[in-house]
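Work through the exercises below with the sequence and the model in view. Each task is followed by a solution in steps.

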Amino acid sequence: MSDPRERIRVSARLREGALGLLPILGLVGIWQAVVSLGLAPPALLPAPGTVLARCLAQFANPEFLGHAGATLSRLAVGFLAALVLGVGIGILAAASPGVLAVVRPLVRVLAPVPKVALYPAFILTLGFADASKIALVVADAVFPILLATLQGAAMVEPKLVWAARAAGTSPRAALLRVVLPATLPSILTGARIGLVVSCIVVFLAEMITSTDGLGYLLVRAARSFQTVDMFVPLIAISGLGLLLNGALGLARGRLLRGFPEEG
Amino acid sequence: MRRLPAGLPPLLALAGLLAAWEVASRFLALDGLPSVPATLAALPDLVADPDFARNLLASLRRMATGFCLALALALPAGLAMGRSRTVAALLNPLTMMVYPVPKAALMPLIMLWLGVGDLAKTLVIVLGVSLPVLYHAYQGARAVEEKMLWSAAAMGLSGPARAARVVLPAALPEILVGCRTGIVLALITMATSEMIARQSGIGAVLFNALDLAQYETVYAIILVIGALGVGLDVLFEGARARLVGWAGPPPALAPASA
Amino acid sequence: MSALAVPRAAGAPAAAPQIAIEGLSKAFRRRDGTLHAALSEIALDVAEGEFVSILGPSGCGKSTLLYIVGGFVAPSAGAVRVGGAPVTGPGPDRGPVFQEFALFPWKTVLGNVAYGLRAQGVPRREAEARARALVAQVGLSGFEAFYPKELSGGMKQRVALARTLAYDPAILLMDEPFGALDAHTRTRLQNDLLALWERDRKTVLFVTHGVDEAVFLSDRVVVMTRSPGRIRAVVDIDLPRPRHRAELLLNPRYQRHVIALEGMLEDGDGPRPGGRP
């Protein structure tokens, strides 16, 4: 901190952070102004203060937390399954031209398909309960992770593998001990996209058919025109996304200590 | 080993998927999983149905409008973020906050304000497409080499001319990655918002068929939406190859989702 | 490998070579499907403890030859025998050192150097102790906990060398190891490598396009031509050891070798039919 250059950098960082708050505060300000000037009836647009108060109340409410928990558990199960599948298939495809020859065209066909369209099929085959929602999360989150893994594994410097093989590592062990760690930066980028996608998809699935979860709360509030309660689940899912993204960012920082910084 | 024609492996993959579906429907014998021939038989009726065609066209119109509006808004903003630290600092936190919000989930609120018409559905699509376009335009403009701009300035190009004639083309490959994600997102947001609002459009038709237990129709619509996704992607990839052939092969497949 | 130790007659390879390359050819398929002959009919014997450089212009297949000896790339025809056994894949008897360093970015200096020992089942504590000694030996004490990205090019190459030396290969396969370094660092590393080799007398196959580097380091220099890569000449470097750069530069025999080899490289470096793939 005593280094003057360090101080200048910190103050620049602070200034940029303050700059970033401006549009957010501006939006809230416009929102407040619209309400204060009576441009929108409170039934359609409650005041920011009202929404904030309801958020704080709900975040301590066990029933609300139960719904948030349901969303979080579906999200976590789906995301982790997508991570295991995407990384597993990606690394296998990197190791075997045969697997790659099967995986690549499948991805070409399936990746651009809007997965929500598959949701009715999941409902019909897996039922209305958790399984179909988790399946949708997996279907949506697996492709960014798989694509990132494929791309990253294809760019692993072959000489890294050679160096390990010469040191006595078997081809299969080299896959786990060299290809996988060398692909990690790419995998984590894919995982980050997959995580946000999971957040979005689980919420949408709960909105379309559900009896619990944050998405259900939004639909329930919309049906009874409780506008304030419609804001709360939206703010909650945004907060959840930011929180999980932050956690992934921390994990990334630890896992990628040795890798050169990206752009 | 001889090389297979480029289009063949995806077709084989499609055939494999259909075969897997057929096997699953025979072995599971679920009501909710009709056989492939039964589904394919439902396709002609579906496509010939004027009501379905009307809904599909309405969906596509909203999608195209939303996509173009998003492009017009997000592209300049993204390029400005890439070339100015101040603009980037200004907009970054806001985009971070909005990123994990499911745009289609804003449907109920927006419907409350704007009614159930085209306006609400198009606005949701604009919101959904804007973020990836913004992000990729930002990344693309940020990566433009400073020395390229110096050379352009030395040749006497003014600021706006540099933006249009150096930054834009140099960032184009990355921008197109964003557009590709944007197209798939437009399709997804469109279908989802219709599933939630259930007024018109292909997403609404899909869930109405589900409610009426017309399972063959449900699967036929899924096939149509899937084909739409793949078709748009193939078209876009063709256009991309023409526009930025100089930038080499595509940077893998754009991880498009949500 | 020590069972194969044969006293070497001066200037010529011993009767039972440690590396025997016979009738070796390698062709790559180009993008358009045609074949590109990278190596053609290579025959070369290297005795145990010998320092042999492979000298040639870029694109002459000299690195490919090294990769085939390493077992990383399969030949199209011919065979390589090491210690009498045919090469079928990589093994800890042949340790590579690459121009690109190829250090594991997720491991520290110590982790990189200990990697080979851990791969061969040496317990962590012992592997790290031995790695620590090697790190000291290449002059990097104090940098054990650094990641490769925090090191200069010369330091990275020292780590790469230590990583390979750690599992004690009988043969070092060096692929333009100093090619990515600045002139000053390159000179220092050449001196250090020579000192190391004069102590351990490992067999070294050293790929380079630097004439003075080849002459300074080697017992023999194999000169290659391009398209397809063939051996043009094998030159014995009859300079006394231990060698010191300052003395060599004034030595007329050193100067004659350098001039002769440069002449050979220039002859073989005319316009190429077809260009590089």
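**Exercise 1.** At which residues of chain C does UniProt place the feature "domain: ABC transporter"?

Solution. The unreviewed UniProt entry puts this feature at residues 19-251 of chain C. UniProt positions follow the numbering used here, feature names are shortened, and annotations may be inferred rather than shown by experiment. Next, take the span itself: the end C-alpha atoms of residues 19-251 of chain C are 31 Å apart, with 34% helix and 28% strand. Helices (H or I, at least four residues) and strands (E, at least two) are DSSP runs, numbered from the N terminus.

Two notes on the model apply throughout. Residues are numbered from 1 along each chain as its sequence is written, and chains are lettered from A and ligands numbered from 1 in the order in which they are written. The model is predicted: local features need pLDDT of at least 70, side-chain atom pairs count only at pLDDT 80 or more, and totals for chains, interfaces and linings use all residues.

**Exercise 2.** Find the strand order of the open six-stranded sheet in chain C.

Solution. Start with the order, which is E6-E7-E8-E3-E9-E10, with mixed pairing. Two strands pair if DSSP finds at least two bridges between them. E6 and E10 of chain C are the edge strands, each pairing on one side only. From one strand to the next the twist averages 20°. Within the sheet, E3 (residues 51-55) and E9 (residues 220-225) of chain C run parallel and share four bridges. C:Ile54 has C:Val222 in E9(C) as its bridge partner. Helix H4 (residues 153-166) of chain C packs on the sheet, where it touches E6 and strand E7 (171-175) of chain C, and its direction makes about 175° with that of E6(C). Such angles run from 0 to 180 degrees between N-to-C directions, with axes as lines fitted to C-alpha atoms, for helices over the stretch in contact.

**Exercise 3.** Decide for A:Phe225 and for C:Phe101: buried or exposed?

Solution. A residue is buried if 20 or more other C-beta atoms, placed from the backbone, lie within 10 Å of its own, exposed if 12 or fewer, and partly exposed in between. A:Phe225 has 12 C-beta neighbours inside 10 Å and therefore counts as exposed. C:Phe101 has 24 such neighbours, so it counts as buried. Now look at the backbone: phi is near 55° in A:Phe225 and about 70° in C:Phe101, a positive value in a residue that is not glycine. A:Phe225 sits in the loop between helices H9 (214-223) and H10 (227-255) of chain A. C:Phe101 sits in the loop between strand E6 (94-98) and helix H2 (109-119) of chain C.

**Exercise 4.** Where in H8(B) is the kink?

Solution. Helix H8 of chain B covers residues 159-197, 39 in number. Its end C-alpha atoms are only 46 Å apart, short of the 57 Å of a straight helix (1.5 Å times one less than its number of residues). The kink, about 60°, lies at B:Leu172, shortly before B:Pro173. The bend is the angle between axes fitted to the seven residues ending at a residue and the seven starting there. Just after H8(B), B:Arg198 has a positive phi of about 55°.

**Exercise 5.** Which chains make the most contacts?

Solution. Two residues are in contact if their C-beta atoms, placed from the backbone, lie within 7 Å. Of the two pairs of chains that touch, A and B have the most contacts. Chains B and C have no contact, and their closest C-alpha atoms are 9 Å apart.
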